Amino acid sequence: MGDYHINIFYSEEDGGYIADIPDLEACSAFGETPEEALREVQIAKSLWLEAARAESKPVPPPKYRPVIYQAAAV
């Protein structure tokens with residue numbers, strides 16, 4: 001099983017970087033640097049998965065692929 005895709009982008013509104021995991025609903029984190037946002041979203045991912053399993057909720061498999069990777073596979 002592959003790992004989840006992570007987006008990292010700068011948010012003018014928040015004044016920092018946002019990292020999110022499209023396959024995990026509402027799983028995102030903030031950081032003042034891209035590296036900090038990545039560290040924080042990895043913590044959020046672990047907690048998201050732990051909470052889903054504890055509540056017997058389904059855990060979606062990693063499947064999100066940005067368009068750039070979909071086009072390259074053709």
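**Exercise 1. Which residues does leucine 49 touch, not counting residues up to four places away in sequence?**

Before solving, note that this is a predicted model, in which local features need pLDDT of at least 70 and side-chain atom pairs count only at pLDDT 80 or more, while totals for chains, interfaces and linings use all residues. Residues are numbered from 1 along each chain as its sequence is written, and side-chain values use heavy atoms, with hydrogens and water left out.

Step 1. Apply the contact criterion, which is heavy atoms within 4.5 Å; leucine 49 then touches Tyr4, Leu24 and Val59, with residues up to four places away in sequence not counted.

Step 2. Place leucine 49 in its wider setting: the largest nonpolar core has nine residues, namely Tyr4, Ala19, Ile21, Leu24, Cys27, Ala29, Ala37, Val41 and Leu49. Such a core is a set of buried Ala, Val, Leu, Ile, Met, Phe, Trp, Tyr and Cys residues joined through side-chain atoms within 4.5 Å, where buried means under 20% relative accessible area, exposed over 50%, and partly exposed in between, with a 1.4 Å probe and protein chains only.

Step 3. Helix 1 (residues 34-54) supplies the largest share of this core, three residues; helices (H or I, at least four residues) and strands (E, at least two) are DSSP runs, numbered from the N terminus.

**Exercise 2. Describe the surroundings of valine 41.**

Step 1. Valine 41 is found in helix 1, and it counts as buried because its relative accessibility is 0%.

Step 2. Beyond its neighbours within four places in sequence, valine 41 is in contact with Ile6, Ala19, Asp20, Ile21, Cys27, Ser28 and Ala29.

Step 3. For one of these partners, alanine 29, the C-alpha to C-alpha distance to valine 41 is 4.9 Å, although the two are 12 residues apart in sequence.

**Exercise 3. Characterise the aromatic pair of the structure.**

Step 1. The structure holds one aromatic pair; rings of Phe, Tyr and Trp (its six-membered ring) pair if their centres lie within 6.5 Å, and planes under 30 degrees apart count as stacked, over 60 as edge-to-face and the rest as tilted.

Step 2. The ring centres of tyrosine 10 and tyrosine 17 are 5.0 Å apart and the ring planes stand at 70 degrees, so the pair is edge-to-face.

Step 3. Tyrosine 10 counts as partly exposed at 40% relative accessibility, and tyrosine 17 counts as partly exposed at 24%.

**Exercise 4. What is the nearest side chain of opposite charge to aspartate 23?**

Step 1. Aspartate 23 has its place in the loop between strand 2 (16-20) and strand 3 (28-31).

Step 2. The nearest side chain of opposite charge is that of lysine 63, 5.9 Å away, and aspartate 23 is buried yet has no salt bridge. Lys and Arg count as positive and Asp and Glu as negative, with His and the chain ends not counted, and a salt bridge is a side-chain nitrogen of Lys or Arg within 4 Å of a carboxyl oxygen of Asp or Glu.

Step 3. The side chain of aspartate 23 nevertheless reaches the backbone nitrogen of lysine 63 at 2.9 Å, and the residues that aspartate 23 touches, not counting those up to four places away in sequence, are Tyr4, Pro60, Pro61, Pro62, Lys63 and Tyr64.

Note on methods:
A polar contact is a pair of N or O atoms within 3.5 Å; within protein, one must be able to donate a hydrogen and the other to accept it, and residues adjacent in sequence count only if both atoms are side-chain atoms.
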